[in-house]
Amino acid sequence: MRLAMAAMALLVMGLSFIGWRGLDRIQVAQLSLTEEAVPTLFRAQAFEQSLLKLEQSVGDLVAAATWEQREAAVGRYDRLMRETSAAGGGGGNYARLFRDLRGLHADAAALSEDIIRDQARFAEAVDHALRKADAVRAGVDAVSFEASARIETLLLEGDAPDARRQMAAVLAMLTELSSMSGLAERVGDAIAAAESAGERLRVEELEGRLAFYLRSLVRHLAQLPAITQKGAFAQDIADLRQAVLAEGGVIRLRLRLIDQTARLRSAAAAHNEAALEVSGMLGADLERTRARLLKTSDNITLTSESAVVAMQAAGALSLLLLAATAYFVVERQIIRRLARLSLAVRAIAGGANKAVVEVSGDDELGDMARALEIFRSNALELERSNRELARFAYAASHDLRSPLRAIRDLAQWTIEDGGDDLPADCRANLDLLMQRADRLSQLLDGLLDYSRVGRERSSIARVDITEIVGEACALLGKCNDFAVDYSGDAYMVTTYEAPLRQIMLNLVANAIKHHDRDAGVLQITCAVQQNRLYVSLTDDGPGIDPRYHDRIFGLFETLRSRDDVEGSGMGLAIIRKLVEHYGGEISVRSDPAIGRGATFSFDWPLKTLANDNRMAA
Amino acid sequence: MNVSVSTYEEVSFLIVDDDEVCIMAIRRALRKMKVVNPVQTAKDGVEALEILRGDGGRSPLRSPFIVLLDINMPRMNGHEFLEEVRRDPRLHRSVIFVLTTSGAQEDIDSAYERNVAGYIIKDEPYGSLVRALELVEHVSKIVVLPDTAPHAEAGPDARVVS
């Protein structure tokens with residue numbers, strides 16, 4: 001059975017180990033989660049945001065119209081890029097992609113620079129062109145004004161034939177001039193339109209119109225008579241043409257701006273596409289990480305479940321083991337046997353000496369059982385021998401009494417029947433005969449008492465010691481002659497009543513009987529210590545020679561001849577047997593050489609009522 | 001039929017004891033008390049039954065009588081005697097006092113099982129014997145003693161002692 005328990009214990013250990021290992025693995029997986037997957041998630045999120053911001057910043061760049069705005073946009077982009085790179089590298093892939101992004105941004109930034117520069121130049125060109133156009137118009141208008149003034153003058157000259165011809169010439173010039181003014185104005189408008197034209201087609205259309213206007217201007221100029229301003233006009237118109245149509249002119253610049261803006265926009269689009277690609281990669285990474293997370297968490301769940309199961313099994317098995325141990329070892333091996341042993345012990349203590357001790361085994365309980373068996377057979381033997389003794393004592397006292405009585409009676413009757421006829425020495429002989437018969441009877445009584453000591457179980461009761469002492473004196477009828485001096489508390493003690501009475505009675509009787517005077521004092525002291533009663537009785541008699549202190553407790557021992565003091569000599573023997581039977585000791589202190597008196601001391605057990613009455617019953 | 005007191009018949013005592021000195025003591029005590037009732041003695045149960053039944057040529061002891069019975073006797077002790085007497089259809093009504101030294105409870109119980117009139121213990125003081133005999137004498141004077149049944153009547157009066 002011990003083997004089975006060892007095997008079970010090993011099994012429990014094995015299961016516990018499995019469970020522990022499982023938990024360990026869970027811990028590792030958890031670690032991988034927290035150290036890898038989760039940071040990746042966070043990084044991904046941060047990247048996503050950064051990308052958005054980068055796109056935004058590129059948009060700002062596209063929208064930038066001034067150097068400051070451009071600087072701000074570029075600066076923001078650079079800062080964001082630095083932050084993103086610093087935030088986490090992201091591995092080789094990401095580094096490359098971000099480099100690409102940076103490249104694309106650089107392109108856009110360069111384009112933006114050009115655009116802004118060109119825009120300044122364009123604004124200048126427009127300004128210049130418009131001034132030129134204005135100059136033309138202003139010149140034309142000035143000449144018109146002069147011409148108008150001339151007409152008026154001519155009108156005032158009346159019908160001079162020259163005047164009409166001059167007026168017609170002037171009118172014709174005015175018409176040309178007016179057309180030229182109108183054209184100049186239209187050129188101005190067209191320039192203004194070109195300034196805000198956003199599409200290439202529109203600008204080309206404007207270019208066409210401007211060319212037409214300028215050709216018209218030249219045509220009209222040609223129609224002008226030879227005036228002094230004509231040269232200036234031609235120059236101005238040529239300048240205007242230059243300012244508008246030539247390389248570096250409004251149209252050209254405007255077209256270039258449009259191209260460049262388109263290129264900027266596509267650079268920004270390329271950037272954002274690349275950013276999208278990065279985002280896509282991020283997404284894929286996230287997906288992978290999420291899948292790993294799920295797998296890991298599934299792993300965790302599985303492992304934890306199996307670990308839990310293993311632990312539960314280990315726990316259940318442990319409990320089973322414990323229960324089995326408790327049952328088998330404790331219950332079967334120990335408790336039951338102990339219970340049976342206890343039952344047997346109690347039965348035997350209670351007197352049932354025939355009770356069988358049903359316990360065996362190689363261990364301590366078995367040893368106890370075997371020892372108990374020996375006690376039991378001893379107790380049985382003791383009981384038997386006690387019974388024998390009782391029977392013997394009873395038979396002896398009974399069967400010896402009859403002839404003894406007969407002897408005494410016959411002697412008595414002889415004396416009575418003889419009367420005065422009986423000779424004196426016959427009478428004396430018969431007296432002695434009767435005395436001896438009486439003595440024999442007393443000895444028999446003493447012997448019977450002695451044999452009976454300790455055989456009867458005495459009951460336990462609460463007794464008053466002073467009362468016992470008083471009773472002893474009263475029984476002997478000598479209370480008047482012998483004073484009893486009692487010291488010690490008036491003890492109510494719980495103990496075996498009858499034997500204590502007998503002892504006190506015998507001691508007092510002894511003291512009185514062996515006193516050499518008719519009156520005396522008996523001092524009795526009692527003390528209780530550690531559940532034992534200590535009694536001593538001191539008389540003021542002649543005392544006992546220390547030589548005889550042992551002998552006086554022997555059977556049939558007397559110190560004076562029986563002719564002086566009639567006594568069975570059994571008193572002290574009976575007292576000692578009683579005292580020793582109840583676990584005490586009796587001793588005597590006396591020395592006639594030093595002084596009178598003798599002190600007998602003994603100790604006696606005290607009991608509590610409950611338990612011991614049960615045992616003694 | 002009422003027995004009138006004037007037809008007083010003398011009560012005999014039958015003393016059953018194996019101790020000769022004991023019997024002598026009883027006789028002396030009775031003499032001292034001036035009791036003149038006829039006294040017969042038997043040394044064991046067998047002899048006592050012979051006296052009661054009148055075996056061996058003599059006539060049975062005439063009632064009324066009182067038996068003083070010892071317990072420990074050879075041949076047939078007190079208990080066996082009681083057993084026999086209570087079974088005897090003629091004798092079973094006899095008034096018997098146990099007078100013995102034994103104070104054993106079994107003896108007492110056994111005697112009363114067989115309906116003794118009383119169980120008296122002789123202890124040491126001589127005086128107790130005298131008082132016991134005084135009691136028996138008073139019984140003989142005061143108590144109406146039963147007759148021995150003349151015929152063997154197996155009627156409702158017959159007592160079967162187990």
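B:Lys141 is exposed, with a relative accessible area of 54%; buried means under 20% relative accessible area, exposed over 50%, and partly exposed in between (1.4 Å probe, protein chains only). Keep that residue in mind for the first exercise.

This is a predicted model, in which local features need pLDDT (the predictor's confidence in each residue, from 0 to 100) of at least 70 and side-chain atom pairs count only at pLDDT 80 or more, while totals for chains, interfaces and linings use all residues. Residues are numbered from 1 along each chain as its sequence is written, chains are lettered from A and ligands numbered from 1 in the order in which they are written, and side-chain values use heavy atoms, with hydrogens and water left out.

**Exercise 1. Find the salt-bridge partner of B:Lys141 and describe where the two residues sit.**

Step 1. Start with the rule: a salt bridge is a side-chain nitrogen of Lys or Arg within 4 Å of a carboxyl oxygen of Asp or Glu. Side chains of opposite charge can pair when their charged atoms come close.

Step 2. Apply it: B:Lys141 pairs with B:Glu137, and their closest N and O atoms are 2.2 Å apart.

Step 3. Locate them: both residues belong to helix H5 (residues 126-142) of chain B, four residues apart, or about one turn of the helix. Helices (H or I, at least four residues) and strands (E, at least two) are DSSP runs, numbered from the N terminus.

Step 4. Check the partner's surroundings: B:Glu137 has 14% relative accessibility, so it counts as buried.

Now try a second pair in chain B. B:Arg87 and B:Glu84 form a salt bridge at 3.7 Å, N to O. They are three residues apart in helix H3 (residues 78-87) of chain B, so about one helical turn separates them. B:Arg87, at 49%, is partly exposed, and B:Glu84, at 24%, is partly exposed too.

**Exercise 2. Work out which parts of chain A are tied together by A:Glu113 and A:Arg70.**

Step 1. Confirm the pair: their side chains meet in a salt bridge of 3.8 Å, N to O.

Step 2. Place each residue: A:Glu113 is in helix H3 (residues 91-157) of chain A and A:Arg70 is in helix H2 (residues 67-88) of chain A, so the bridge ties together parts 43 residues apart in sequence.

Step 3. Compare exposure: A:Glu113 is partly exposed at 32%, whereas A:Arg70 is buried at 8%.

Step 4. Widen the view: a network of salt bridges links A:Arg70, A:Glu71, A:Glu113, A:Asp114 and A:Arg117. Over all chains, the whole structure has 44 salt bridges.

**Exercise 3. Describe the interface between chain B and chain A.**

Step 1. Count the residues: 14 residues of chain B are in contact (heavy atoms within 4.5 Å) with twelve residues of chain A.

Step 2. Give the area: about 1100 Å² is buried between the chains, with carbon and sulfur atoms giving 50%. Buried area here is the accessible area (1.4 Å probe) that two parts lose on being put together, summed over both.

Step 3. List the charged pairs: there are three salt bridges between chain B and chain A, and B:Arg28 forms a salt bridge with A:Asp417, the closest N and O atoms being 2.5 Å apart.

Step 4. Look at the chain B side: helix H1 (residues 20-32) of chain B supplies its largest share, six residues.

**Exercise 4. Decide where chain A deserves the least trust.**

Step 1. Take the average: chain A has a mean pLDDT of 82, and 93% of the residues score at least 70.

Step 2. Find the extremes: in chain A, confidence is lowest in helix H13 (residues 609-616), at a mean of 45, and highest in strand E6 (residues 586-589), at 92.

Step 3. Inspect the weak stretch: residues 611-617 of chain A have pLDDT below 50, and this stretch has six contacts in the model beyond near neighbours in sequence. Where pLDDT is low, the predicted coordinates should not be read in detail.

**Exercise 5. Spot some unusual backbone angles.**

Step 1. Recall the background: most residues other than glycine have a negative phi, and most peptide bonds are trans.

Step 2. Check phi: A:Asn531 has a positive phi near 65 degrees and lies in the loop between strand E4 (520-529) and strand E5 (532-539) of chain A. B:Lys34 has a positive phi of about 60 degrees, and at 69% relative accessibility B:Lys34 is exposed.

Step 3. Check the peptide bonds: the bond from B:Ser63 to B:Pro64 is cis, with omega near 5 degrees.
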